[in-house]
Amino acid sequence: MTANIVVLGPPGVGKGTYSGFLAKKYGIPNISVGDLFRNAIKNQTDLGKRIKSYVSSGDLVPDQIVIELVKSRLEEADCKNGFLLDGYPRTVPQAEAMMQFKKIDVALNFVAPDEVIMERIGGRRTCSKCGAIYHIKNVPPTIDGICDRCTGRLVQRSDEKPEVIKNRLNVYSEKTKPVVDYLRKKGLVADIDANYPIEEIDKIIAQCEKYLSKLS
Ligand SMILES: [Zn+2]
């Protein structure tokens with residue numbers, strides 16, 4: 001069987017965790033487009049140089065470049081039996097292109113209410129000294145605002161402030177909705193209810209497996 005899986009879902013929904021788990025279980029590579037960008041830039045490949053020029057001026061990397069990068073990665077030998085792909089397709093042209101060069105078996109669409117994601121990310125506190133991560137509700141420090149490990153001060157990262165998260169969620173749903181609709185029309189979308197606390201990850205994985213077990 002092959003398991004060509006694309007992963008959809010807003011920032012903070014836990015995609016990275018679920019993907020890592022599934023990739024290990026099915027013995028397929030877990031590919032993040034963000035990592036592909038970073039590696040291409042680091043290795044100064046032709047594509048990497050072009051990507052860098054867009055990223056450093058704050059522009060979106062054009063579809064054609066993203067498509068080329070992902071296509072060549074998916075042609076590597078380790079993707080023979082499948083892959084998990086996170087961060088692609090982000091636009092309808094990217095999705096259309098993929099249908100030409102690679103079969104998509106299923107798009108796992110992780111969903112959770114905005115308020116839940118806001119609380120998950122908005123409750124995070126990071127130690128300003130050692131980088132340890134806490135959560136005001138789920139993993140609180142012993143003394144409010146102070147790191148258990150090094151007594152450093154706990155701070156909220158600027159990109160984890162409620163108004164910033166809200167904006168990221170809005171941008172995501174606006175941008176990605178057409179892609180989800182496109183894939184849904186093709187019958188490829190599997191909605192996964194990710195509204196569970198992280199210690200109940202098995203409930204999320206079980207839903208994924210229900211879909212993955214039908215692949216042939
Ligand atoms: Zn600390």
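Me: Before we start, what does "partly exposed" mean here?
Reply: A residue is buried if its relative accessible area is under 20%, exposed if that is over 50%, and partly exposed in between. Keep in mind that this is a predicted model.

Me: OK, so is R157 buried or partly exposed?
Reply: R157 counts as partly exposed because its relative accessibility is 39%.

Me: Which residue does R157 form a salt bridge with?
Reply: With E160, and the closest N and O atoms are 3.8 Å apart. E160 has a relative accessible area of 4%, so that partner is buried.

Me: Which residues are in the network around there?
Reply: Salt bridges link R124, R157, D159 and E160 into a network.

Me: How many salt bridges are there by this rule?
Reply: The count comes to 15. One of them joins R73 to D78, with 2.8 Å between the closest N and O atoms. R73 is buried at 15% relative accessibility, while D78 is partly exposed at 40%.

Me: Got one inside a helix?
Reply: Try D181 and K177, whose side chains meet at 3.0 Å, N to O. They sit four residues apart in helix α7, so about one helical turn separates them. D181 is partly exposed, with a relative accessible area of 30%.

Me: Which helix does α7 pack with?
Reply: Helix α5, residues 92-101, packs with α7, residues 162-185. The angle is about 35° and the axes are 8 Å apart.

Me: Which residues make that contact?
Reply: From α5 you have V92, A95, E96 and M99, and from α7 there are P178, V179, Y182 and L183. In the contact of α5 with α7, seven residues are nonpolar, one is charged and none is polar.

Me: Switching to the metal: what holds the zinc ion?
Reply: The SG atoms of C127, C130, C147 and C150 coordinate the zinc ion, at 2.3 Å.

Me: Why is the arrangement called tetrahedral?
Reply: The four donor atoms subtend angles of 99 to 115° around the zinc ion, which makes the arrangement tetrahedral. For four tetrahedral donors, the ideal angle at a metal is 109.5 degrees.

Me: How are the donors spaced in sequence?
Reply: The pattern is C-x2-C-x16-C-x2-C. C127 lies in strand β5 and C150 in the loop between β6 and β7, so the pair ties together parts that are 23 residues apart in sequence.

Me: And is C127 buried or exposed?
Reply: C127 counts as buried, because its relative accessibility is 4%. C150 is at 22%, so C150 counts as partly exposed.

Key: Residues are numbered from 1 along each chain as its sequence is written. This is a predicted model: local features need pLDDT of at least 70, side-chain atom pairs count only at pLDDT 80 or more; totals for chains, interfaces and linings use all residues. Side-chain values use heavy atoms; hydrogens and water are left out. Donors are N, O and S atoms within 2.8 Å of the metal (3.2 Å for Na, K and Ca); water is not among the atoms, so sites may look incomplete. Four donors count as tetrahedral if all angles lie between 85 and 135 degrees; four count as square planar and six as octahedral if opposite donors are over 155 degrees apart and all others between 65 and 115; anything else is irregular. Helices (H or I, at least four residues) and strands (E, at least two) are DSSP runs, numbered from the N terminus. Buried means under 20% relative accessible area, exposed over 50%, partly exposed in between (1.4 Å probe, protein chains only). Axes are lines fitted to C-alpha atoms, for helices over the stretch in contact, and angles run from 0 to 180 degrees between N-to-C directions. Contact means heavy atoms within 4.5 Å. Ala, Val, Leu, Ile, Met, Phe, Trp, Tyr, Cys and Pro count as nonpolar, Asp, Glu, Lys and Arg as charged, and the others, Gly among them, as polar. A salt bridge is a side-chain nitrogen of Lys or Arg within 4 Å of a carboxyl oxygen of Asp or Glu.
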